[in-house]
Amino acid sequence: MERVDVAILGRDYSLACPPEEKAALLSAVRLVDQRMLAIKGVGKIASNERIAVMAAIQIANELLSMRAPDGPLGNIALGDFKGKIESMNSMLDEVLGSAV
């Protein structure tokens with residue numbers, strides 16, 4: 001595992017991921033940071049926690065809208081998809097646990 005230091009909404013986080021997944025992780029961090037900054041920029045939501053939830057809902061909505069008629073995300077096997085989601089959830093648990 002490789003340690004990756006990132007900033008989301010001006011806050012620093014230290015994540016761990018396999019070296020071959022670092023580029024994908026950094027892309028995900030950029031997407032989340034951009035979404036959160038855009039939501040914060042509207043000015044109606046002050047809490048970072050609420051901003052994070054709204055960003056997660058927007059991203060999840062986009063992901064779900066990408067479903068193909070023959071299953072989630074077309075060619076990706078359901079087990080692989082679930083594994084990726086579980087991996088992301090573990091990373092989020094780790095980050096949120098260290099942020100408290």
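These exercises work through the fold, helices and selected residues of a predicted model.

**Exercise 1. The overall layout**

Task: Find how many helices and strands the chain has, and the order of its elements.

Solution:
- Step 1. Count the elements: the chain has 3 helices and 2 strands.
- Step 2. Read from the N terminus: the order is β-β-α-α-α.
- Step 3. Turn to burial. The chain has 100 residues, and 19% of them count as buried.
- Step 4. Look at the surface. About 7,200 Å² is accessible, and carbon and sulfur atoms hold 58% of that.
- Step 5. Check the contacts with a separation of 6 or more. Residues 24 or more positions apart supply 32% of them.

**Exercise 2. The largest nonpolar core**

Task: Determine which residues of the largest nonpolar core touch the most other members, and which elements supply the core.

Solution:
- Step 1. The core holds 15 residues; Val6, Ile8, Leu15, Leu25, Val29 and Met36 touch the most other members.
- Step 2. Two or more residues come from each of strand S1 (2-8), strand S2 (11-17), H1, helix H2 (48-65) and helix H3 (78-99).
- Step 3. H1 is the top contributor, with 4 residues.
- Step 4. Take Val29 as a sample. Beyond its neighbours within four places in sequence, Val29 contacts Val6, Ala7, Ile8 and Leu15.

**Exercise 3. The two sides of H1**

Task: Work out where the buried residues of H1 sit around its axis.

Solution:
- Step 1. Check the geometry. H1 has 21 residues and spans 31 Å from first to last C-alpha, close to the expected 30 Å.
- Step 2. List the buried residues of H1: Leu25, Val29, Asp33, Arg35, Met36 and Ile39.
- Step 3. These residues share one side of H1, because they cover an arc of only 165° around the axis.
- Step 4. Recall the helix repeat: with 3.6 residues a turn, residues three or four places apart point the same way.
- Step 5. Now take the face turned away from the buried side. It carries the exposed residues Ala23, Ala24, Gln34, Gly41 and Val42.
- Step 6. Step past the end of H1. Gly43 follows, with a positive phi near 85°.

**Exercise 4. Arg35**

Task: Decide whether Arg35 is buried or exposed, and name the side chain with which its own makes a polar contact.

Solution:
- Step 1. Place Arg35 in helix H1, residues 22-42.
- Step 2. Its relative accessibility is 17%, so Arg35 counts as buried, the cut-off being under 20%.
- Step 3. The polar contact joins the side chains of Arg35 and Glu62 at 2.6 Å.
- Step 4. Outside the four nearest places in sequence, Arg35 touches Ala55, Gln58, Ile59 and Glu62.

**Exercise 5. Leu9 and Cys17**

Task: Describe the phi of Leu9 and the surroundings of Cys17.

Solution:
- Step 1. Leu9 sits in the loop between S1 and S2.
- Step 2. Its phi is positive, near 55°. Most residues other than glycine have a negative phi.
- Step 3. Leu9 is buried, because its relative accessible area is 12%.
- Step 4. Cys17 belongs to strand S2. At 3% relative accessibility, Cys17 is buried too.
- Step 5. Cys17 touches Met1, Glu2, Val4, Lys22 and Leu25, leaving out residues up to four places away in sequence.
- Step 6. Met91 is 74 residues from Cys17 along the chain, yet their C-alpha atoms are 8.7 Å apart.

**Exercise 6. The start of H2**

Task: Identify which residue caps the N-terminal end of H2.

Solution:
- Step 1. H2 has 18 residues and reaches 26 Å, close to the 26 Å expected.
- Step 2. The cap is Ser47: a side-chain oxygen lies 3.2 Å from the backbone nitrogen of Glu49.

Key
Residues numbered from 1 in each chain as written. Predicted model: local features only at pLDDT ≥ 70, side-chain atom pairs only at ≥ 80, totals over all residues. Heavy atoms only, no water. Buried < 20%, exposed > 50% of the residue type's maximum accessible area, 1.4 Å probe, protein only. Polar contact = N/O pair within 3.5 Å; in protein donor to acceptor, adjacent residues only side chain to side chain. Contact = heavy atoms within 4.5 Å. Areas by Shrake-Rupley, 256 points an atom, 1.4 Å probe, with all protein chains shown as cover. Core = buried A, V, L, I, M, F, W, Y, C linked by side-chain atoms within 4.5 Å. Expected span 1.5 Å × (residues − 1). Arc of directions from axis to C-beta.
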